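Here are my notes on the model you sent, set out as numbered points. Please read them with the structure open beside you.

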Amino acid sequence: MIRSFACLPLLLAVPVLAAGAQVPAAPTPAVPAPLQQAPATPAPVPDPEYDNCMVRMKAQAATRGVPAASFERFMAGVSADRSVLDLLDAQPEFTTPIWDYLAGLVDGERVADGLKMLETHRELLARVEREYGVDPATVVAVWGVESDFGRVSGKRPLLQSLSTLSCFGRRQDFFRGEFLATLKLLQDGDLSDPAITGSWAGAFGHTQFMPSTYARIAVDFDGDGRRDLVASIPDALASTAHYLKRSGWQTGQPWGQEVTLPANFDASLAGRTNRRPLSDWIARGVTRVDGAPLASSDARSAVILPAGRTGPAFVVFRNYDAIYSYNAAESYALAIATLADRLRGGRGLATPWPTDDPGLSRAQRRDLQALLLARGHAIGAVDGMIGNATRRAIVLEQQRLGIVPADGRAGRRILDALQAEAAAVVPPTVTPAPPAVR
Ligand code: CA
């Protein structure tokens, strides 16, 4: 939940997000950081600069209730990993339109998985709702978007990344706080494994909280005396609801809804922070997406146009802000909000995104990756995560096929072109596999 800046654009596949925590703005657009591959274990080399820094951190930790002996135990064998500094300063090599985020984050697989989670954890989610006032669909949608229901939570050793970022680079003060918070969670017994992994920036567990948010917000909901957002689903889901409640969640209220704007709508009025009574928007001609009137109220609301005047429009209320605070990016907030709607039986957006090259579901991304591999591109595993290797391969294929622009984007056009080509070259004795039904 706390957002960990900087990464969103990189990878749909790997949210770095962190709940709750307000990370200082990074130079790059805030997009959830993708999960990074775990780096190979570096050979231990003397690093006096890091060692000296750790001596200072050990003293600081002692003032926060982490004795030197504990510090030494938690940090045994941990060395600096300066590759995280490249991620800290990375500018996105490729840009990702919002419809790509939503196509991957709110696809048929995630809806089906979310519905299963609603069923599996029905009783738990009901207790969470009674305690915190946040409905099951919203809690499950956050879980699904943040960590794919606990399946994708980051592979970088947390203490290694955070200790490195505490000593080098341009956000040392911020990361020292996160590093010390992690040590304290270990000291207090909330976390038991110093080898815990997360995003490069420190978000981890089912809910992708940054350590300081974890310290502030996490709750023990299974009653074992520990707040464990890595191994305990009850703790994780209750902590998510607690986060939203603390962020101003209003029980029983909607996050917002898709709307239709009048042709003469002044787009300069749009924006999440431009709040007006709903009745004011209604007076300006904003209606439900089916053209029916909105139920009038004086609720403070905003109109947002995530892809500009020609894409879907939404009216959003206080609960959208609570969701937004979890991971401060419009793409993620809309993913959570619209996934929650799908989990309640909604059919998705009525208005198409303004593109003739729509985004791909994760299943379609895997199909695309398989086609790239078959053409000899070394893109690694078929995992549905579009990283830079996949994008570079797409650029080459776009150039070969004359697709303009050759921007490396994993969209419908390149997938269709490669599928058509693959079907055309199959020897007649071989029956091509039918296209999967999405
Ligand atoms: Ca617990």
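1. A word on terms comes before the metal site: donors are N, O and S atoms within 2.8 Å of the metal (3.2 Å for Na, K and Ca), and, as water is not among the atoms, sites may look incomplete. Four donors count as tetrahedral if all angles lie between 85 and 135 degrees; four count as square planar and six as octahedral if opposite donors are over 155 degrees apart and all others between 65 and 115; anything else is irregular.

2. This is a predicted model, in which local features need pLDDT of at least 70 and side-chain atom pairs count only at pLDDT 80 or more, while totals for chains, interfaces and linings use all residues. Residues are numbered from 1 along each chain as its sequence is written, and side-chain values use heavy atoms, with hydrogens and water left out.

3. The calcium ion has as its protein donors the OD atoms of Asp-220, Asp-222 and Asp-224, the O atom of Arg-226 and two OD entries from Asp-235, at 2.3 to 3.0 Å from the ion. Along the chain these donors follow the spacing D-x1-D-x1-D-x1-R-x8-D. The angles among the six donor atoms run from 47 to 160°, and the site is irregular.

4. Two of these residues can be described by accessibility, where buried means under 20% relative accessible area, exposed over 50% and partly exposed in between (1.4 Å probe, protein chains only). Asp-235 is buried, at 0%, whereas Arg-226 is partly exposed, at 25%.

5. Helix 8 (residues 158-167) and helix 9 (residues 172-188) have axes that come within 7 Å and cross at roughly 145°. Here helices (H or I, at least four residues) and strands (E, at least two) are DSSP runs numbered from the N terminus, and axes are lines fitted to C-alpha atoms, for helices over the stretch in contact, with angles from 0 to 180 degrees between N-to-C directions.

6. Two non-glycine residues deserve a look at their backbone. Phe-149 has a positive phi of about 60° and lies in the loop between helix 7 (136-147) and strand 1 (156-157); its relative accessible area is 6%, so Phe-149 is buried. Gln-208 has a phi near 55°, sits in the loop between strand 2 (197-198) and helix 10 (211-217), and is likewise buried, at 0% relative accessibility.

7. Please also check the peptide bond from Val-404 to Pro-405, which is cis, with omega near -5°. Pro-405 is placed in the loop between helix 16 (388-401) and helix 17 (412-425).
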